[in-house]
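Let's take a walk through this structure together, one region at a time. Keep the 3D view open and turn it as we go.

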Amino acid sequence: MSADLAVTGGTVVGSRGRRSAHVYVDDGKVVDISPEVRPARRTFDVTGLFVLPGMVDSHVHLMDPGPTEREDFPTGTRAAAARGVTTIVEHTHANPVRSVADLTAKVEHLARRSNVDFGLAAHTWPDRIGDLASLWEAGVTFFKIFTCTTHGVPGLDRDALHEALSAIAGFGGTCLIHCEDEAMTAAAERRLRDAGRTDGFVIPEWRSREAEETAVVVVADLVATTGVRATIAHVSSPAVADIIERARARGADLAAEACPQYFALREDEVIEWEALRKFTPPARARSDADEQAMWDLVRRGVLTHFSTDHAPSTREQKLAGDIWEAPFGLPGLDTTTPFLLNAASHSLLTLEDVVVMYSEAPARRYGLYPRKGRLGPGSDADMIIVDETRRWTVADDDIISKAAWSPYAGREFAGGVTATLLRGEVIAVDGIPRDERSGRFLPGPGRRRQREKEEP
Ligand SMILES: [Zn+2]
C-alpha cells in the first residue's frame, strides 16, 4: 500500500538518538519510520538534512481576541510556522479565559485563524477558584497563576494560592505559576516612584531577585504540600532553580520553564535599551559564567523545557511612554528554535536535547504527548527540517511577529529550519510561512477524560 507522503533521505532525530530513515505519512499521521524505500504518492527529499518533531511552545501570548494591535493569531502563528513551532499553548492576560463560556467563545473566534495547532490555557482569578474544575473538563491545557498583580491579572495571596493549588490537585489538573512577591514588588515600586526614577534600571530593582525567590519558596512549599502538578514559569537564575530542586527532593511535582532571554540577554542591557528590555522577571545574567550556569541547569535536567513567553509589542508601543507605562514582554516565536539550534551547533546541548526541551517535555507536561512532541507511528506528522549549515543574522526586517523587532537583532544563529510540516502538510519553507490557517484546537486532557466517562 502506498503512503500519502514520504519524507526521504534525512536523519531522523528523536529524544534518544538519531538514525537515517524515511518518514511515511498517511492521513496526517506518521505510519512508519524506516530505512526501507516504499511507494508514496508524494515525496519530500531532505537528503543531508535533519528531521525533528515539530516544536511545542507552551507559553505564548497572541493577544487575540484582545489587544491585537500588539499581536494576533494569524501573525503570531505565521512566525511560529516559519521557525519550526507546530503547536502552541496560548493565553492572553487582557482577555482572560475564566469560564467555560469564555473558552467556548475563544475557540469559536479562533476558527481558521491559526497556522499551527493550539491549546488554550485559563487564568486563575482569586474569587473564581470554584470555576476551575469545569474549565479543566471543558478542555483548557493548564491554569495560569500569578502571585503578584501583573498585566491586570490579580495576584493570589498565600491563602488563595493554597485554595487554588488544592483544587487543581483534586481534579488532576496542572498549572503554570508566575512567581514574584506582591508586597516586595509593590514596596519597591513605591520607593522607586517616590525617588522620581524613570531610568531603565528601575526594572531589575522593582522586579528584584529577592522578590522572585521569595515567591518561589512559598509556591514550591505549597506545591509540595498540595501534591499539585505545577510549573514555575520563566526561571530567571540558578538561585531560583536551586529552590525548585530542593522542593523536588521533598517530593514536589514541579517543572521548571526556561526561556532564551535568561540565557542570552544581560541584566544591564535595560539601561541602554529601556522598554525594549522590559520583561519580568527581568534578565539576571551579568557574565558569561552566569550564562554557562543556565546551560548547566539544562544539561542536568533541572530546567525541564523551553518556551518563548512570546509577548510582543512594537517598538512604538514599547517606547510611547516612560519605563513605567511600557508594556512588559518580548517577541520570541521568530527566534526560539533558531536560538536552540544555534546552541546545539555550539555544543551547549545536542539536537536530541532540543527535541526533549522544546518538543517532547512540554508535550508530556501538558498532556499533548504522544500525539505531539514525538515523531513515531501514530503521532501527528508534525516535523521540521533542519540544515546545520544555515546561518541567519537576525534582522528586525525578518521578524514576522507584529513586534517587527527582536532583542537578538544582529546576532548570527547557526543552524536553521528549512521547512515546517503540520500533519503532513508543508506550512513554511525557508522562513516563509504559507497561509493555510489549518491549525486546530487541541482540547486538554481533562476534556478527553470527561468524554471517556460519558462514553463507557
Ligand atoms: Zn507569560
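A good place to begin is the metal site of this predicted model. Along the chain, the donors of the zinc ion follow the spacing H-x1-H-x247-D. That pattern links distant stretches: H61 sits in the loop between β8 (55-60) and α1 (73-82), while D309 belongs to the loop between β16 (305-306) and α12 (315-319), so the pair ties together parts that are 248 residues apart in sequence. If you zoom in on the ion, you will find H59 and H61, each through NE2, and D309 through OD, as its protein donors, lying 2.0 to 2.1 Å from the zinc. Are H61 and D309 buried or exposed? H61 is buried, with a relative accessible area of 3%. D309 has a relative accessibility of 12% and counts as buried too, because the cut-off for buried is under 20%.

From the loop that holds H61, follow the chain on to α1. Of the 10 residues of this helix, 9 are buried, so α1 is largely enclosed by the rest of the structure. The buried residues are F73, P74, T75, G76, T77, A79, A80, A81 and A82. What covers them? The cover includes the strands β9 (85-90), β10 (117-120), β18 (412-422), β19 (425-429) and β20 (432-433). After α1 comes G84, with a positive phi near 90°.

Next, look at how the nonpolar residues gather. In soluble globular proteins, nonpolar side chains tend to be buried together. Here the largest nonpolar core has 102 residues, and F143, F263, W295 and F306 have the most contacts inside it. Helix α7 (residues 209-226) gives the largest share of this core, 7 residues. For a closer view, select W295: leaving aside residues up to four places away in sequence, W295 touches F263, F306, F339, L340, A343, L348 and L349. Apart from this core lies another, of 18 residues, including A21, V23, L49 and L375.

Helix α7 also leads us to a helix pair. Helix α4 (residues 158-170) packs against α7 at an angle of about 35°, with the axes 10 Å apart, and α4 passes α7 in a right-handed crossing. On the α4 side the contact is made by R158, L161, H162, L165, S166 and A169, and on the α7 side by V218, V219, L222, V223 and T226. The spacing of such contacts is easier to read with the helix geometry in mind. An α-helix has 3.6 residues a turn, so residues three or four places apart point the same way.

A second pair to inspect is α13 (residues 336-345) with α14 (residues 351-365), which pack at an angle of about 145°, their axes 9 Å apart. Here, α13 passes α14 in a right-handed crossing. T336, T337, L340, L341 and A344 of α13 meet L351, V354 and Y358 of α14.

Finally, turn to the sheet that includes strand β1. Its 4 strands form an open sheet in the order β5-β4-β1-β6, with mixed pairing. The edge strands, β5 (29-34) and β6 (40-45), each pair on one side only. From one strand to the next, the twist averages 25°. Strands β1 (residues 3-8) and β4 (residues 22-26) run antiparallel to each other and pair over 3 bridges. One bridge to look for joins A6 to its partner Y24 in β4.

Technical notes. Residues are numbered from 1 along each chain as its sequence is written. This is a predicted model: local features need pLDDT of at least 70, side-chain atom pairs count only at pLDDT 80 or more; totals for chains, interfaces and linings use all residues. Side-chain values use heavy atoms; hydrogens and water are left out. Two strands pair if DSSP finds at least two bridges between them. Helices (H or I, at least four residues) and strands (E, at least two) are DSSP runs, numbered from the N terminus. Axes are lines fitted to C-alpha atoms, for helices over the stretch in contact, and angles run from 0 to 180 degrees between N-to-C directions. Donors are N, O and S atoms within 2.8 Å of the metal (3.2 Å for Na, K and Ca); water is not among the atoms, so sites may look incomplete. Buried means under 20% relative accessible area, exposed over 50%, partly exposed in between (1.4 Å probe, protein chains only). A nonpolar core is a set of buried Ala, Val, Leu, Ile, Met, Phe, Trp, Tyr and Cys residues joined through side-chain atoms within 4.5 Å. Contact means heavy atoms within 4.5 Å. A crossing is left-handed if the near helix is turned anticlockwise from the far one by less than a right angle, and right-handed if clockwise.
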